[in-house]
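Here is a short tour of one protein model, to be read with the structure open beside it. We start with a single residue and then widen the view.

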Amino acid sequence: MSKKNMLYVLCAFVCLALLILALAGRSRFPVFNRMVTAIILPVENGLTALGHTSDSARGYWRAMTVLQEENARLKKEIEELRNANVNMVSIEAENRQLRELVQYKAAHRTQTTVAARIIARNFGELRDVVYIDAGEDKGLKRNMAVVNNGLVGVIDEVYGGYARVLLITSPRCRIGARVLRLDSRAMGVTGGANSTDGKLIMEHIYREASIKEGDIIITSGISGYHPENIIIGVVTAAKLDSLGLAQQAQVQPAASIADVEEVLVVTAFTPEPKIRLANEGGQAQ
């Protein structure tokens, strides 16, 4: 090895020794320490910043992973709650209709009924019929009344295990009706009003008969096919017909035709006893 190379090695060795001594105790070589600090500090700061950046990146991805997992968990819980809410609403709606059927049976003990469920609706132009899951197998016949919290319609056609119901809102459905009021026995015929609002029209009411807004309309039972006193709806307006010879009234159906799912079919009934006013001798006739 030449003297020049040996000199380089010796200088490098001395610089390394001084660097080690400076790092071990900087107060021993102030000038050299400042030189070392000027060289080392930026590198140290860079390494520190790089470490912080790496920690931040790891923290960011870790936080993102946690957020994604939390988001997936919340979405699942929301979906479960939504499904539970749908089921609860469906059950409550079904229970409400079943309660209405029970109330109807309790209020009409002279009637024999068969419970049925709507299984299909007519989506044609008229949309005036529904199908129920009871037919000849349950003793159903044509013209039997179909009810829930009010008159829904009448049996139109009967098949082995199902039947077609003509809705009361159909212009083809005609039901004898009367006013339920102590001072009025106005009678007429109800049916669909050929309108899209689902209301009924009560026609052929005597010109002098008393009928007004708010009157409750019930079945008259005159035809013999249906029992009397089934609620049809409530009068929303009354006026003379176009000829001025009779009255007609607009009636809001009591049954929720668009929402009905559970119904009762009146298969038999006993006419309800008539209560007459007492005569002068105090004896009821």
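## Around asparagine 148

Once neighbours within four places in sequence are set aside, asparagine 148 is in contact with Glu100, Leu101, Tyr104, Ala255, Val260 and Glu262. Please keep in mind that this is a predicted model. Asparagine 148 sits in the loop that links β3 (145-147) and β4 (151-158). Is asparagine 148 buried or exposed? Its relative accessibility is 2%, and asparagine 148 therefore counts as buried, the cut-off being under 20%.

## The strands on either side of the loop

The two strands that flank this loop belong together: β3 and β4 form a hairpin with 3 residues between them. Their pairing is antiparallel and spans 3 bridges. Within it, valine 147 has leucine 151 of β4 as its bridge partner.

Following the chain onward, a second hairpin connects β4 to β5 through 4 residues. β5 covers residues 163-167, and 5 bridges join this strand to β4, again in the antiparallel sense. Here valine 158 has alanine 163 of β5 as its bridge partner.

How many of the 8 residues of β4 are buried? The number is 7, so β4 is largely enclosed by the rest of the structure.

## The nonpolar core

The largest nonpolar core holds 46 residues, and Ile132, Leu140, Ile155 and Ile217 have the most contacts inside it. β4 supplies the largest share of this core, with 5 residues.

Leucine 140 is a good place to look around. Leaving out its neighbours within four places in sequence, leucine 140 is in contact with Val114, Ile132, Ala134, Gly135, Ile155, Val158, Ala163, Val265 and Thr267. Two of the names in that list, Val158 and Ala163, are also the bridge partners that link β4 and β5.

## Towards the surface

Not everything in the strands is covered. Isoleucine 216 belongs to strand β9 (residues 216-219). With 32% relative accessibility, isoleucine 216 counts as partly exposed. Together with Leu180, Ile231 and Val234, Ile216 makes a nonpolar surface patch of about 290 Å².

Alanine 238 is found in strand β10 (residues 231-240). Its relative accessible area is 35%, which means that alanine 238 is partly exposed. Not counting residues up to four places away in sequence, alanine 238 touches Ile211, Gln248 and Ala249. Which distance separates the C-alpha atoms of alanine 238 and lysine 212? They are 5.9 Å apart, although 26 residues lie along the chain from one to the other.

The three residues whose accessibility has been discussed can be set side by side.

| Residue | Relative accessibility | Class |
|---|---|---|
| Asparagine 148 | 2% | buried |
| Isoleucine 216 | 32% | partly exposed |
| Alanine 238 | 35% | partly exposed |

## The chain as a whole

Stepping back, the protein chain has 2 helices and 12 strands. Along the sequence they follow the pattern α-α-β-β-β-β-β-β-β-β-β-β-β-β. The chain has 285 residues, and 30% of them count as buried. Its accessible surface comes to about 18600 Å², with 59% belonging to carbon and sulfur atoms.

Contacts across the sequence complete the picture. Among contacts between residues at least 6 apart in sequence, 54% join residues at least 24 apart.

Terms used. Residues numbered from 1 in each chain as written. Predicted model: local features only at pLDDT ≥ 70, side-chain atom pairs only at ≥ 80, totals over all residues. Heavy atoms only, no water. Patch = residues over 30% accessible without salt bridge, like charges linked within 9 Å, V, L, I, M, F, W, Y side chains within 5 Å. Areas by Shrake-Rupley, 256 points an atom, 1.4 Å probe, with all protein chains shown as cover. Salt bridge = Lys/Arg side-chain N within 4 Å of Asp/Glu carboxyl O. Buried < 20%, exposed > 50% of the residue type's maximum accessible area, 1.4 Å probe, protein only. Contact = heavy atoms within 4.5 Å. Pairing = 2+ DSSP bridges. Core = buried A, V, L, I, M, F, W, Y, C linked by side-chain atoms within 4.5 Å.
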